[in-house]
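Biologist: Before I take the labels on this model at face value, I would like to hear the reasoning behind them. Please show it first.

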Amino acid sequence: MSEELVLASASRIRADLLTAAGVKFSTKVALIDEATIIDSLVSEKLLPRDIADALADLKAQRVSGQTPGAIVLGCDQILECAGVLSAKPTSPHELKSQLIGLRGQTHQLHSAAVIYHSGQPIWRFVGTAKLKMRFFSDAYIDQYITDNWSTVRHCVGGYALEAEGVRLFSKIDGDYFTVLGLPLLEVLAFLTERGVIQE
């Protein structure tokens with residue numbers, strides 16, 4: 001009998017990706033203060049990819065302690081542009097500021113996945129993608145936010161690549177699933193090797 005898989009994330013897109021891949025899992029959200037933790041890790045001068053890894057690790061660790069015997073997948077994503085980190089926007093005004101700052105620029109998305117079992121880390125991976133935003137008008141930003149706020153407010157950078165957010169970009173280098181916040185191929189490979197999903 002395969003081990004139970006628990007996704008330590010409230011992300012709809014991560015759950016949708018696993019479901020579409022035919023993976024059976026349950027969800028248990030890890031309650032952590034991400035903003036405070038990120039501030040602390042930045043003050044320690046950790047690289048953005050290491051911050052993503054640390055957050056994913058903490059989420060998996062927290063839920064693993066509550067679900068003994070299960071395989072727990074924690075994930076997180078950090079956006080970096082010219083040394084500045086961006087988080088999920090907290091308001092339409094903040095999203096507009098973020099998009100203006102990213103407009104015409106190339107930024108990096110670091111998507112981390114960490115798997116725990118019985119309170120111990122057993123696998124980890126960080127994927128990085130580079131994305132260049134086109135130079136779009138202020139009028140388009142306003143319309144984009146009006147039409148998409150209810151969805152993109154949950155997304156790092158304020159865009160959903162699988163929806164209208166793709167129109168913000170002129171070039172993308174990297175794995176599509178990494179951009180969506182889950183290095184899916186690497187996760188599936190490990191789960192298959194572990195026997196959690198059928199080979």
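Modeller: A residue is called buried when its relative accessible area is under 20%. The model is predicted.

Biologist: Why is alanine 60 called buried?

Modeller: The relative accessible area of alanine 60 is 0%, and the limit is under 20%, so alanine 60 counts as buried. Alanine 60 lies in helix α3.

Biologist: What touches alanine 60, leaving aside its neighbours within four places in sequence?

Modeller: Contact means heavy atoms within 4.5 Å. By that rule alanine 60 is in contact with Ala8, Val72, Gly74, Val114 and Tyr116. Cysteine 75 is 15 residues from alanine 60 along the chain, with 7.7 Å between their C-alpha atoms.

Biologist: How do you know that the length of helix α3 agrees with its number of residues?

Modeller: The expected span is 1.5 Å times one less than the number of residues. Helix α3 covers residues 48-64, and its 17 residues should therefore span 24 Å. Its end C-alpha atoms are 24 Å apart, so the two values agree.

Biologist: What makes α3 largely enclosed by the rest of the structure?

Modeller: The count does: 12 of its 17 residues are buried, so the helix is described as largely enclosed. Among the buried ones are Ile51, Leu55, Leu58 and Val63, and also Asp53, Asp57 and Lys59. The cover over these buried residues includes β1 (5-8), α2 (34-43), β3 (71-81), β4 (84-86), β5 (106-117) and β6 (120-133).

Biologist: Which residues of α3 does alanine 112 touch, and what makes alanine 112 buried?

Modeller: Alanine 112 is found in strand β5. Its relative accessible area is 0%, against a limit of under 20%, so alanine 112 is buried. Its contacts beyond four places in sequence include Ala52, Asp53 and Ala56 of the helix, and also Gly74, Cys75 and Asp76. Aspartate 76 is 36 residues from alanine 112 in sequence, yet their C-alpha atoms are 5.4 Å apart.

Biologist: How do you know that β5 and β6 pair?

Modeller: Two strands pair if there are at least two bridges between them. β5 and β6 have 12 bridges, in the antiparallel sense, so the rule is met. One example is glutamine 108, whose bridge partner in β6 is lysine 130. The two strands form a hairpin with 2 residues between them, and serine 118 in the turn has a positive phi of about 55 degrees.

Biologist: What makes β6 and β7 a pair?

Modeller: The same rule asks for at least two bridges. β6 and β7 (residues 169-173) are joined by 4 and run antiparallel, so they count as paired. Lysine 132 stands opposite lysine 171 in β7.

Biologist: Why is threonine 178 called buried?

Modeller: Its relative accessibility is 3%, and the limit is under 20%, so threonine 178 counts as buried. Threonine 178 sits in helix α6, and what it touches more than four places away in sequence includes Gln77, Leu109, Ser111 and Thr128.

Biologist: What lines the largest pocket, by class?

Modeller: The lining has 19 nonpolar, 8 polar and 9 charged residues. The pocket holds about 950 Å³ of space. Of its 36 lining residues, the closest to the centre are Glu34, Lys88, His154, Cys155 and Val156. Helix α2 gives the most to the lining, with 4 residues.

Definitions and conventions
Residues numbered from 1 in each chain as written. Predicted model: local features only at pLDDT ≥ 70, side-chain atom pairs only at ≥ 80, totals over all residues. Heavy atoms only, no water. Buried < 20%, exposed > 50% of the residue type's maximum accessible area, 1.4 Å probe, protein only. 1 Å grid on protein atoms, 1.4 Å probe; cavity = no way out; pocket = protein on both sides within 12 Å on 5 of 7 lines; lining within 4 Å. Points joined across faces, edges and corners; volume = space filled by probe spheres on them. Nonpolar A, V, L, I, M, F, W, Y, C, P; charged D, E, K, R; others polar.
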